[in-house]
Amino acid sequence: MKHAFLDEYSGLQSPMHRLDPRAKLVGLVALVVICVSTPPDLYAAFAAYLGLELILVLISRLPWKHVLGRMLIVLPFILVVAVFLPFFNKGGGSYNLGPFTVSAHGLLVLWNVAIKSTVSVLAVILLSSTTPFPELLKGLEKLRVPRLLTTIMSFMYRYIFVLSDELQRMRRARDSRGWSGKWLWQAKVIGHMVATLFLRSYERGERVYAAMLARGEEAVADFLAY
């Protein structure tokens with residue numbers, strides 16, 4: 001089974017794609033730990049991290065549009081929080097930006113959050129885009145990751161397309177009723193859709209659990225229930 005939005009470019013032919021998933025997992029963890037542990041004023045080190053990742057993107061032959069699109073999905077949520085840090089941190093001098101006074105220490109904190117988030121997110125994108133999800137799970141199992149986590153992740157991968165199809169049907173039903181999304185009072189429809197999708201996913205999970213019990217798979221079912 002293959003999901004286009006997860007494994008869209010995992011089938012490309014490149015040295016990064018052929019690399020053992022365990023090596024990529026260990027490299028990802030090592031890079032993130034080293035990056036997070038680096039003092040924020042070591043600018044050359046962060047330039048080296050980004051340079052290494054950009055080289056790996058070139059080697060993996062991933063489309064830049066795909067990489068940038070994935071980064072734009074995650075980074076705004078981090079930067080929205082980080083952008084307010086300069087206005088609440090004191091020390092190290094200050095700079096006047098119109099009506100605002102920005103502290104130098106706050107700017108350093110903002111830089112620290114932004115660059116480390118960028119490096120970490122880009123590393124995750126490289127891993128997920130060059131490794132099919134089933135192979136990633138096998139790599140995690142070989143690295144002795146608890147079986148409970150890999151089993152839950154495999155079930156997530158197996159049934160996420162079902163939830164995606166369910167969401168598409170709900171959207172078609174919503175649009176067929178003349179929903180335009182232009183008015184504020186129509187926003188509650190989205191809330192109802194989210195709640196309904198959650199309930200349907202919960203009910204489907206219960207049905208899958210009952211089906212496993214009916215087939216005599218008590219050990220696996222009890223394992224997941226735990």
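Modeller: In what follows, a residue is buried when its relative accessible area is under 20% and exposed when that area is over 50%, with partly exposed in between. The model discussed is predicted.

Biologist: Is Glu166 buried or exposed?

Modeller: The cut-off for a buried residue is under 20% relative accessible area. Glu166 has a relative accessibility of 11%, so this residue counts as buried.

Biologist: Which residue forms a salt bridge with Glu166 at a closest N and O distance of 2.5 Å?

Modeller: Both partners lie in helix α8 (residues 147-176), three residues apart, which means that about one helical turn separates them. The partner is partly exposed, with a relative accessible area of 40%. At 2.5 Å between the closest N and O atoms, the partner of Glu166 is Arg169.

Biologist: Which residue is linked with Glu166 and Arg169 in a network of salt bridges?

Modeller: Glu166 and Arg169 form a salt bridge with each other. The network of salt bridges that links these two residues also includes Arg200.

Biologist: How many salt bridges does a search of the whole structure find?

Modeller: One of them joins Arg22 to Asp20, with the closest N and O atoms 3.2 Å apart. Another joins Glu141 to Arg147, where the corresponding separation is 2.7 Å. Over the whole structure, the number of salt bridges found is four.

Biologist: What is the relative accessibility of Arg147, the salt-bridge partner of Glu141?

Modeller: Glu141 counts as partly exposed, at 36% relative accessibility. Arg147 counts as exposed, and the cut-off for that class is over 50%. The relative accessibility of Arg147 is 51%.

Biologist: On which residue is the kink in α8 centred?

Modeller: Helix α8 has 30 residues and spans 44 Å from its first C-alpha to its last, close to the 44 Å expected at 1.5 Å a residue. The helix nevertheless contains a kink of about 40°. The centre of that kink is Tyr159.

Biologist: Which residue just after α8 takes a positive phi?

Modeller: Helix α8 covers residues 147-176. Just after this helix, a positive phi of about 85° is taken by Gly178.

Biologist: In which helix is confidence lowest?

Modeller: The mean pLDDT of the protein chain is 79, and 81% of its residues reach 70 or more. Confidence is highest in helix α4 (residues 43-60), at a mean of 92. The lowest mean, 51, belongs to residues 218-225, which form helix α10.

Conventions: Residues are numbered from 1 along each chain as its sequence is written. This is a predicted model: local features need pLDDT of at least 70, side-chain atom pairs count only at pLDDT 80 or more; totals for chains, interfaces and linings use all residues. Side-chain values use heavy atoms; hydrogens and water are left out. A salt bridge is a side-chain nitrogen of Lys or Arg within 4 Å of a carboxyl oxygen of Asp or Glu. Buried means under 20% relative accessible area, exposed over 50%, partly exposed in between (1.4 Å probe, protein chains only). Helices (H or I, at least four residues) and strands (E, at least two) are DSSP runs, numbered from the N terminus. pLDDT is the predictor's confidence in each residue, from 0 to 100. The expected span of a helix is 1.5 Å times one less than its number of residues. The bend at a residue is the angle between axes fitted to the seven residues ending there and the seven starting there.
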